[in-house]
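Q: Please examine closely the largest cavity of this structure. Which residues line the largest cavity?

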Amino acid sequence: GNIHGSSRKPKAKENGSDGNEPETITLPYDYLVVATGSKHKNPTITPSIGSTTAENYKDRLRAFENEEQRIRSAKSIIILGGGPVGVELAAEISCHFPSKAVTIIQRSDRLLPSFPNETGIYVEQWFRQRNVCVLLNTTLSSHNERQCITASGDVYTADVVYVCFGMKPNSDFMVANMNKTTAATNDDTSNNSDNDITQKNSTVDPNGFILVKDTFEIKENCTEEKNIDGTVTSANSIFVVGDVASHSSNEMKQAYYAEAHGHVVAKNILAMARASSSTTNKNNFFLESYPEIFTHDKSNEMPLVYTVSLGRYDGSLGFNGFVLNGPIASLLKWIIEYTKVMQMEGKAVGEYIWWIGDTVTLWMSRNILPPPLFNLSD
């Protein structure tokens with residue numbers, strides 16, 4: 001097929017160097033899907049990635065073992081942030097090490113503000129029953145590995161401090177490459193240094209997430225014309241999905257939505273590939289839009305589906321406005337994860353279960369239990 005561009009990946013030198021100056025190899029592509037995700041700003045939560053799969057696994061395992069030892073030897077632990085990451089980490093610590101003094105510091109007036117009130121209230125009660133200190137409406141002015149200082153001047157110290165807020169998209173490579181392209185393109189016509197800034201701002205949002213259209217094509221350099229019959233002319237060959245994408249829906253970063261992104265992109269790439277191989281309709285094809293492909297109505301939203309674990313045998317599960325708290329939620333989460341792995345492995349049972357589950361979920365969200373009308377930003 002036609003080659004629309006190339007991607008690069010680092011390749012360690014074989015001359016005995018430590019790999020700090022990697023070589024690059026160029027990989028031609030017809031269509032590029034960027035699904036590089038995001039990372040937590042706290043490196044102890046997301047260990048660094050090695051250059052190979054084996055090193056990656058070993059690095060992660062070593063990092064988790066080191067953190068376990070830190071927790072075992074600590075008497076007091078502070079969790080900064082009461083979102084899903086902070087809540088589940090605090091719950092694991094209080095469940096496995098009940099003698100530890102655990103404190104959660106949250107800037108809003110409740111835990112898990114992105115989820116319905118029933119979940120936040122239940123989780124807070126669960127922590128207080130286990131003598132976990134929950135500080136709400138507390139804004140931080142600074143923090144380090146052993147203490148944090150609030151905006152009101154209060155100082156809290158602990159043996160271990162975990163920062164569980166803030167997400168950084170893995171988009172630096174994309175922005176850098178596009179800025180280089182723009183600088184080269186404009187070199188002969190302008191010496192204005194603002195060109196790179198303009199290009200960067202048109203590629204990513206203020207937080208570094210890559211801006212995408214409803215088709216998940218990257219917005220940058222995506223010139224298209226939609227015909228009367230719904231077909232599209234001159235689309236982009238670069239798609240961005242998952243955590244690294246910035247979609248107009250402003251939805252939470254969850255695996256459920258990332259998987260839906262993948263379905264849309266797969267359909268659109270197939271449509272473009274078929275049109276490209278056609279002798280009569282090379283430039284006319286229909287591209288699916290998100291979330292319309294699932295909701296059948298651009299005014300609708302994707303369903304809110306989540307599960308929050310509270311240790312081994314407790315949790316909170318939510319579907320739009322419906323919330324189920326307690327051990328049953330924990331059991332259902334295990335079933336969800338187990339059958340999802342079966343589906344990803346291509347097992348017929350898993351695929352059938354999730355075909356039914358996704359179909360019923362979307363139908364109920366459209367017709368019976370619509371998504372809640374509240375701000376999902378944390």
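A: The lining of the largest cavity consists of T307, V308, S309, D314, G315, S316, A329, S330 and K333. The model is predicted, with pLDDT of at least 70 required for local features and 80 or more for side-chain atom pairs, while totals for chains, interfaces and linings use all residues. Residues are numbered from 1 along each chain as its sequence is written, and side-chain values use heavy atoms, with hydrogens and water left out.

A cavity here is a set of points, on a 1 Å grid over the protein atoms alone, where a 1.4 Å probe fits but cannot get out; a lining residue has an atom within 4 Å of a point. Grid points are joined across faces, edges and corners, and the volume is the space filled by probe spheres set on the points. On these terms, the structure holds 1 cavity of 30 Å³ or more, and the largest cavity encloses about 30 Å³ of space.

Three elements each supply at least two residues of this lining: strand β18 (305-309), strand β19 (315-319) and helix α8 (327-344). Such elements are DSSP runs numbered from the N terminus, helices being H or I of at least four residues and strands E of at least two.

By class, the lining comprises 2 nonpolar, 5 polar and 2 charged residues. In this scheme Ala, Val, Leu, Ile, Met, Phe, Trp, Tyr, Cys and Pro count as nonpolar, Asp, Glu, Lys and Arg as charged, and the others, Gly among them, as polar. The residues lining the cavity include D314 and K333, as well as V308 and A329.

Technical notes. 1 Å grid on protein atoms, 1.4 Å probe; cavity = no way out; pocket = protein on both sides within 12 Å on 5 of 7 lines; lining within 4 Å.
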